[in-house]
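User: Could you walk me through this structure before I go back to the bench? I'd like to begin with how the chains meet and then jump around a bit.

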Amino acid sequence: MSQERWNITMIISKKKGEEPAHFQSFKLEVDPEEYVLDAVERVWAFHDRSLTFRHACHHSTCGACGMRVNGVEKLTCITLVRSVTHNGGEMKVEPLRNFPVVSDLVVDMSDFYNRMEEASAAQVVPVRKSALPYEHDLFPDDGMDHERLTDCIECGCCVSACPIALTTPAYLGPAVLAAAQQTHSLSGKPCIFDLVDTADGVWRCHSGFECTAVCPSNVDPAWRIMDMRRRVIGHRIKHLFGAK
Amino acid sequence: MDDSKPHILIIGAGFTGCALAYDLAQRGLKVTVIERGEIASGTSGRTHGLLHSGGRYCVNDQESARECIQENIILRKIVHQCIEFNGGLFVALTDEDLAYAPKFAEGAQACGIEIEQITTQQALRLEPNLNPKVLAVFTVPDGSFDPLRLALAFAASAKHLGADFYPYHESKAVLFDSQGRVNGASVWDRTSGRTFDLTADLVVNATGAWAGHVLKGTRAVVSVTPTPGVMVAYDRRLINRPINRLTEPSDGDIIIPQRRMSVIGTTSYEVEDVDYIPVEDAQIEQMRRDAIALVPAVAQCNMRGAYMSARPLVGKGQSGRSLARTFKCFDHTESDGIDNLVTITGGKATTCRGMAEKTADLVCQKLGISTPCATREQPLRSYRDFYLPRGGRK
C-alpha cells in the first residue's frame with residue numbers, strides 16, 4: 001500500500017442470464033499497491049451491485065479469484081494493480097477462458113473439480129514431500145512428520161492459459177494431470193495411468209508451458225506433465241516385461 | 001424432494017450457513033441456502049484459518065475456549081481433508097507475558113486443553129525460525145485450515161443429503177404472511193438480474209456481521225458489532241505450527257503456517273459498513289513488526305497478500321476485544337414477537353459445527369421435531385463433491 005493514487009479505467013466483462021457478454025467501464029481511483037481483487041470488490045461495493053465475481057480468502061490459499069487481467073491469467077487477490085496497468089491506464093478484467101461463464105466474472109468450475117477428484121488430487125500432503133524435486137530445503141524440518149495443505153489451489157488459471165484446453169474440453173488439462181503426477185509420486189497408485197495414459201491425457205499436451213507461466217502457486221504443472229509421461233513410459237516398459 | 005418436510009431457508013453460506021444446512025439436512029429437513037456472493041466470500045473466507053485449541057481464550061473467555069477445544073477435536077475427525085494439524089505453540093517474549101503463564105496454564109487445564117511446557121531449546125528444535133529470545137513456551141493442539149474448502153465440505157455434505165445452494169442470490173427482503181409470520185424471502189438472482197420470492201416454513205439469518213443488515217425492514221433487532229481485523233500473508237512457510245504470543249488476546253498475537261505462507265493476525269476495531277473495509281498501511285506495518293517479534297525471519301520475506309475480515313461479535317457498547325467470542329442464537333418469536341425467524345451470529349470458524357448444532361436444535365424445537373444432531377462423528381464428503389451434478393459423478 002502507498003499514499004500514491006492512480007486514476008484507471010476498469011473494463012469489466014458483464015454477462016447476465018442468456019445475454020451475450022459485453023464490457024462495461026468504470027473509472028476508479030486506486031492505490032497502485034493494492035490488489036486487483038480489491039479494485040474489483042470496490043466496483044461491486046460502490047458502482048455496480050450486480051457485479052458477480054468469485055473470491056473467498058483474499059490471500060492465495062483458496063484459489064477462487066482467478067481471472068484474466070489485461071489478457072493474462074492472474075490470481076487477483078495477490079496481483080498488485082501496479083503490476084498490470086499504469087496511472088491513466090486500463091485494466092480489463094475477464095472471466096477465465098475454457099470454462100463455461102455463469103455470470104460476469106464467475107465461471108462454472110464443476111467439471112474441473114470433478115476431474116481433480118477423479119485424479120485423487122491430494123489435499124493435505126506431508127511437508128517433506130510437498131515441494132518439487134528440484135526445490136531444496138524450503139521448509140523448516142524438525143524431523144517430525146508434519147502435514148500441510150498442498151500447493152495446487154484449484155484456481156483454474158492453468159486451464160485458462162492452456163492453448164490445448166482451448167481446442168477441446170475433452171483434454172484433462174494441466175491441473176488434473178499435475179495432480180495425477182503428485183498422486184502417483186506420493187502413493188504409487190497404478191490406477192492413475194488409466195486416467196492419464198490416453199489421447200486426452202498426458203499425450204495431448206503440446207509442451208507450451210503456458211500453465212507453468214501463469215500458475216500462482218508453485219505447482220509447475222508443465223514439469224509435472226513431463227514427469228508423468230516419464231512415469232507412464234516406465235510403467236509401459238515394465239508392463240512389456242511382464243510386470244502388472 | 002418430499003414436499004411434506006418443513007422447508008428451511010438459510011440466508012448466508014459462510015461457515016455457519018453451510019454447517020447448519022448440513023445439520024438440518026441430516027435431521028431430514030428440506031433446506032435451501034441463498035448466498036449473495038460465492039460460498040464463504042464474506043467473513044468466513046477471510047479468516048486467518050486458525051483451528052483454535054482454545055488457548056487464546058482460556059483465561060478471559062472460558063466458554064469460548066471450551067467450545068473451541070471440543071470442536072477442534074471434532075473437526076479434525078470429520079474434515080481433516082482441509083486441515084494442517086501439527087499442533088501449535090504459545091510463547092512468552094516479555095516479563096509481562098511470563099506473568100501471564102500461570103494464568104494460562106490454569107485456564108487451559110480448567111477448559112480441558114492439553115498443554116505442555118517445553119524448554120526454549122526444545123522449542124527452537126521444533127521451530128528453528130522462532131525468536132531465540134523466547135522466555136517460556138507451551139505446546140497446544142492448534143492447527144490451520146483452508147477456509148473455502150472447510151465451508152465447501154459442509155456444503156457438499158448438505159448437498160449430498162438434498163440441500164439446495166444458490167450462490168449469487170441476495171436476500172432483498174424478509175417476507176411475511178397475512179398473520180405477520182415470516183414465510184420466506186424476496187431473492188435477487190444476481191446471475192440473471194431476476195427477482196423472485198422463495199417461500200419457507202422458517203428462515204434462518206446466518207449472515208454474521210451482516211445480520212442486522214438482512215433484518216432491515218423488519219422490527220427484529222440483533223446486536224452485532226462488526227469488528228474487522230487485518231491479516232498479512234508472507235511468501236515463505238517459516239513455521240510448521242501456529243505460533244501464539246502468550247498474552248491476553250491482542251493485536252498481532254499469532255502467526256500461522258498455511259501452504260507455503262506464513263500469515264500474521266490481527267487487529268481489532270469497529271465499523272458500521274462491512275461491505276468494503278479498506279486495508280490501512282499502518283496496520284500492515286504493525287502486523288509486520290509483530291510478526292518479526294515472533295518469527296524474526298519474516299523480515300526477509302515479501303508480503304504476498306493483505307486482507308481484512310469483519311468478525312461478527314455479539315453485543316454492543318463494549319470495546320471489541322472485551323466482547324466474548326462465543327455465539328448467539330436469536331429466536332425472534334421471543335425477542336421481537338416475530339414467528340418463523342431465527343438469527344445465528346457471533347462465534348468463530350472453529351466452532352461453526354457447534355453453532356449449527358445449537359441452531360438446528362432451536363429450529364427443530366420450534367417445528368416440533370425431535371431428531372437429534374448427528375454431525376459429530378461421520379466424516380464430511382470431499383469438498384469437491386459440492387460441484388457434483390445431481391445424481392452423482394458421471
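Analyst: What follows is a conversation about the contact between the chains, the cores and some charged pairs.

User: What should I know about the model and the numbering first?

Analyst: This is a predicted model, in which local features need pLDDT of at least 70 and side-chain atom pairs count only at pLDDT 80 or more, while totals for chains, interfaces and linings use all residues. Residues are numbered from 1 along each chain as its sequence is written, chains are lettered from A and ligands numbered from 1 in the order in which they are written, and side-chain values use heavy atoms, with hydrogens and water left out.

User: OK, how many residues does each chain give to the contact?

Analyst: Chain A gives 67 residues and chain B gives 60 residues, where contact means heavy atoms within 4.5 Å. The area buried between chain A and chain B is about 5,200 Å², with 50% of that from carbon and sulfur atoms; buried area here is the accessible area (1.4 Å probe) that two parts lose on being put together, summed over both.

User: And how many salt bridges go across?

Analyst: The rule finds nine across the interface of chain A and chain B, a salt bridge being a side-chain nitrogen of Lys or Arg within 4 Å of a carboxyl oxygen of Asp or Glu. One of the salt bridges in the model joins R46(B) and E41(A), at 2.9 Å from N to O.

User: Which elements of chain A touch chain B?

Analyst: Those that give two or more residues to that side are α1 (36-46), β6 (101-103), α2 (110-118) and β9 (147-149) of chain A. Helices (H or I, at least four residues) and strands (E, at least two) are DSSP runs, numbered from the N terminus. The largest share, seven residues, comes from α2(A).

User: What's buried in α2(A), and what does it pack against?

Analyst: S110(A), F112(A), Y113(A), N114(A) and M116(A) are buried in α2(A), where buried means under 20% relative accessible area, exposed over 50% and partly exposed in between (1.4 Å probe, protein chains only). The buried residues of α2(A) pack against α3 (157-161) and α4 (174-187) of chain A, together with α5 of chain B.

User: Switching to E84(B): where is it, and is it buried or exposed?

Analyst: E84(B) is in strand β4 (residues 83-84) of chain B, and it is buried, with a relative accessible area of 2%.

User: So which polar partners does a side chain like that of E84(B) have?

Analyst: A polar atom of the E84(B) side chain lies 2.9 Å from the backbone nitrogen of L149(A). The side chains of E84(B) and R237(B) are joined by a polar contact of 3.1 Å; a polar contact is a pair of N or O atoms within 3.5 Å, where within protein one must be able to donate a hydrogen and the other to accept it, and residues adjacent in sequence count only if both atoms are side-chain atoms. Not counting residues up to four places away in sequence, E84(B) also touches residues including E147(A), R148(A) and P257(B).

User: Any other charged pair between the chains?

Analyst: E135(A) and R260(B) meet through their side chains in a salt bridge of 2.9 Å, N to O. This pair crosses from the loop between β8 (124-126) and β9 of chain A to the loop between β16 (254-258) and β17 (261-265) of chain B, and both E135(A) and R260(B) are buried.

User: What about R149(B) and D146(B)?

Analyst: Their side chains form a salt bridge at 3.0 Å, N to O; R149(B) is buried with a relative accessible area of 3%, and D146(B) counts as buried at 0%. Both belong to a network of salt bridges that also links E117(A), E154(A), R259(B) and R384(B).

User: Last topic, which residues touch the most others in the largest nonpolar core?

Analyst: Of its 89 residues, I10(B), I39(B), F154(B) and F165(B) touch the most other members, and a nonpolar core is a set of buried Ala, Val, Leu, Ile, Met, Phe, Trp, Tyr and Cys residues joined through side-chain atoms within 4.5 Å. Helix α5 (residues 147-160) of chain B gives the largest share of this core, nine residues. Leaving aside neighbours within four places in sequence, F154(B) is in contact with residues including C18(B), Y22(B) and L380(B).
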